[in-house]
Amino acid sequence: MLVTGGAGFIGANFVHHTLRHHPRYRVRVLDALTYAGDERALAPVAGRIEFVRGDVCDARLVDELVAASDVVVHFAAESHVDNSLDDPSPFVRTNVQGTFTVLEAVRRHDRRLHHVSTDEVFGDLGADGGGRFTETSRYDPSSPYSATKAASDLLVRAWVRSYGVRATVSNCANNYGPFQHVEKFVPRQVTNLLLGRPAKLFGTGENVREWTHVDDHNAAVHLILDRGRIGESYLIGSGGERSNREVLDLLLELMDRPPGSYEHVPDRPGHDLRYAADCTKLRTELGWRPRFPDLRAGLAETVAWYRDNEWWWKPAKERTEERYRRLGR
């Protein structure tokens, strides 16, 4: 199995999950180790995998690695909305050109591909609290990040239809868990609080997301690999909708901080108000059930992980906060 982006947050957790629960696979990881990729996330399993440092847009390298693999799981992507607003060019290159490069390699060598995407490609559900995305929802991305992920999804669909590539796509809700970069919402708040600093809340914090533990996401990906229908897309989400403010209030409670002890910072441009996915297809067709349907339990485990693993997150903390200061957030 070739895992692109396997030193990033979800990719690294996927590698750990695969080795724990699917030992039949011999795993090779391709990662460029940009700021969001950290080979240390793979240190506990370094002796059980092969790691290749390289660019997913390097056609010769990708072709060589795909040719030597049976299955390709494509996580490699630039994924932070704020960074895409600041400079969209890396997102176009990695998310669009990189996916094209992987598709051409799996087409040449007739390999099984699973492409990991996001529910942000569908845009904003609005403020009325009704409705959910389905696999047939119209794409309506709001940021350079989600637009480039939408483009990558459409490339996969076209390569399935035009060239018979054996691929599936999944669109996941917001993930949280170990090894997530401190620029992201949950680890940023947790690490601020661990350092005795105030948590930060974009705008009023009314933006609603569906929060899914990364291990539940990766279990779903394996079900899709094993039993998913070629050419199909599957939505992955726990069903647990919470606003950013509600998540932050829960973190404050779990970390014994007073309610409301956070600072408001300016909202990001084009900040979608609500995402929510109808995961009936994944649940009924493939039998997926989340291990963490309760956000409190999943967040408690996540807080404990960050408390116990300062060695992993602290080196990137100050650089990240400096970037936020520059962006005014």
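Helices (H or I, at least four residues) and strands (E, at least two) are DSSP runs, numbered from the N terminus. This is a predicted model, where local features need pLDDT of at least 70, side-chain atom pairs count only at pLDDT 80 or more, and totals for chains, interfaces and linings use all residues. Residues are numbered from 1 along each chain as its sequence is written, and side-chain values use heavy atoms, with hydrogens and water left out.

**View 1. Asp-267 sits in the loop between β12 and α9.** Strand β12 spans 262-265 and helix α9 spans 280-286. Asp-267 counts as partly exposed because its relative accessibility is 35%. Here buried means under 20% relative accessible area, exposed over 50%, and partly exposed in between (1.4 Å probe, protein chains only). Beyond its neighbours within four places in sequence, Asp-267 is in contact with Phe-202, Gly-203, Asn-207 and Arg-329. Contact means heavy atoms within 4.5 Å. Gly-205 is 62 residues apart from Asp-267 along the chain, yet their C-alpha atoms are separated by 8.7 Å.

**View 2. Ser-117 is a buried residue of strand β5.** The strand covers residues 112-118. Ser-117 counts as buried because its relative accessibility is 3%. Its side chain makes a polar contact of 2.8 Å with that of Asp-153. Such a contact is a pair of N or O atoms within 3.5 Å; within protein, one must be able to donate a hydrogen and the other to accept it, and residues adjacent in sequence count only if both atoms are side-chain atoms. Not counting residues up to four places away in sequence, Ser-117 touches Lys-149, Asp-153, Val-169, Ser-170, Asn-171 and Cys-172.

**View 3. Helix α6 is largely enclosed by the rest of the structure.** The helix runs over residues 185-194, and 9 of its 10 residues are buried. Among them are Phe-185, Val-186, Arg-188, Gln-189 and Leu-193. The buried residues pack against strands β7 (174-176), β8 (199-202) and β9 (208-213). They also pack against helices α8 (244-254), α10 (295-308) and α11 (310-327). Just after α6, Gly-196 takes a positive phi of about 75 degrees.

**View 4. Val-73 belongs to the largest nonpolar core.** A nonpolar core is a set of buried Ala, Val, Leu, Ile, Met, Phe, Trp, Tyr and Cys residues joined through side-chain atoms within 4.5 Å. This one has 59 residues, of which Val-15, Val-73 and Val-186 touch the most other members. A second, separate core has 22 residues, including Val-72, Leu-113, Trp-159 and Val-165. Not counting residues up to four places away in sequence, Val-73 touches residues including Met-1, Phe-14, His-114, Val-116 and Leu-225.

**View 5. Two loop residues, Asp-110 and Phe-179, have a positive phi.** Most residues other than glycine have a negative phi. Phi of Asp-110 is near 50 degrees. Asp-110 lies in the loop between α4 (89-109) and β5. It is partly exposed, with a relative accessible area of 48%. Phe-179 has a phi of about 65 degrees. Phe-179 is found in the loop between β7 and α6. At 11% relative accessibility, Phe-179 counts as buried.
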